[in-house]
Amino acid sequence: MRAIGIDIGTTTISAVVAESDSRRVEKSFTISNGSFIETENPLEKLQDPAVILRKSEELLEDILKEYPDIGVIGLTGQMHGIVYTDQEGRHVSPLYTWQDGRGNIPCGAGRSVCGMLEETYGVKLYTGYGMATHIYNSMTGLVPETAVSLCTIADYLGMVLTERNSPLLHAGNAAGLGLYDVRNCRFQKEVFDNLHLDCGMLPEVTDEFRILGNCRGIPVCVATGDNQASFFGSVRNVRNSILVNMGTGGQVSVYSEKYFAAEGVETRPFIKDSCILCGSSLCGGRAYALLADFFRQTGKAMGAEDVDPYRMMEHLLETEEEGQERLNVDTRFSGTRDCPELKGSIGNIGTDNFTPGALTRGVLEGMADELYQMYLKMEKGIAGEKKTMIASGNGLRRNRHLQEIMAERFSMRLELAEQKEEAAYGAALAGMIAAGAYQPEFLPVK
């Protein structure tokens, strides 16, 4: 069987065609998302679902012309953003993306949505997560009058392809919206009731990879979260490997056979009772880009505007002095989800190590250490020894120095993920499971 996997990312829409017996990717596709909507509020990050839908359907059309024997379609995409839908199953709002920052601003009694939820209900919810956005919209009168439900953008694509009028979310996407009890597989309706919110808007949830319906006679699988799909699409042996991703942000993800909770670690539903433990750094690979911009501005101030900062940083790393004392760089420049007000720092500065080379290495080590500290919190929930680090994301693929630093910090062998479109490939695998064409070794036989 051939399967299509489609990943609706924030900047690109990707797809792969994979074969079920060999699980080999036959072809991959990537197009620009290009759907951002200009808004006067810099904290409001919106995209146009109509543009995303059109581009996704055109991409699918092109693939089906080339591969008419597709047996199943799998979906994934940004798992925190939401779009509102009406009774006919059509969108009646923009897509409020995971980058939406309004959950941290005061909107009632001088408190933010995220602050109010933690103080009143003891619930940790981060800005950009769909339920934080929904509560903010509800408190400020921004929920469309015709809205009857909400879902992620990948779930919405699944609705349109299968002509459903109501969403069905995999538990991974439901948890990605927030206010979701992972252990008991249900939304925390008591919080909605206390806030006088309509629980009828909450979507239906399943903990299995199920078939939503058909598109041109082809089964379409329920969408899965992009973190889970990326893990599934990158890690062959889930029991002895971890996944580290470095893009604009950073993530470390680990498979757990059962629910596990730790401060600063998100437990995300995976397949049946299993979970993905995930730690996320907000700045991630952007820390290196910030350093590059610092060097670019320095060069401009000195009259050297044509300097390529990344090439210069590469040279600095290759020619740094042996035995030089290290700078301690805290790269939490964008804060953390728990402490958005936190700032980064540079420590252990001496007369011999206050150099561009030491700063460059220090930033890379800081990026690695932030994820490593999160991984340490996960270890009690992990069965077996992890020996291999699977690396994905351009921040790692394109920087061999960061690869070496990561491997040294985690004391693991580092391998690059085989597929560059990991999430789309993971969505294709999920589709194969739903269609009965693939049974992972770690998934109990039905």
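**Exercise 1.** In this predicted model, determine whether Arg2 is buried, partly exposed or exposed.

*Solution.* The relative accessible area of Arg2 is 25%. Buried would require under 20%, and exposed over 50%. Arg2 is therefore partly exposed, as its value lies in between.

**Exercise 2.** Identify the acidic residues Glu26 and Asp69 as salt-bridge partners of Arg2, and locate each pair in the chain.

*Solution.* Step one concerns Glu26, which forms a salt bridge with Arg2, with the closest N and O atoms 2.8 Å apart. This pair links distant parts of the chain: Arg2 belongs to strand S1 (residues 2-8) and Glu26 to strand S3 (residues 25-32), 24 residues apart.

Step two concerns Asp69, whose side chain meets that of Arg2 in a salt bridge of 2.6 Å, N to O. Asp69 lies in the loop between helix H1 (49-66) and strand S6 (70-77), 67 residues apart from Arg2.

Step three considers the accessibility of the two partners. Glu26 is partly exposed at 23% relative accessible area, and Asp69 is partly exposed at 43%.

**Exercise 3.** Describe the salt bridge between Asp330 and Arg332.

*Solution.* The side chains of Asp330 and Arg332 meet at 2.7 Å, N to O. Arg332 has a relative accessibility of 29% and counts as partly exposed.

**Exercise 4.** Describe how strands S16 and S17 are joined.

*Solution.* Strand S16 (residues 211-215) and strand S17 (residues 218-221) run antiparallel and are joined by four bridges. One bridge pairs Ile211 with Cys221 in S17. Two residues stand between the strands of this hairpin, in which Arg216 takes a positive phi near 55°.

Note on methods. Residues numbered from 1 in each chain as written. Predicted model: local features only at pLDDT ≥ 70, side-chain atom pairs only at ≥ 80, totals over all residues. Heavy atoms only, no water. Pairing = 2+ DSSP bridges. Salt bridge = Lys/Arg side-chain N within 4 Å of Asp/Glu carboxyl O. Buried < 20%, exposed > 50% of the residue type's maximum accessible area, 1.4 Å probe, protein only.
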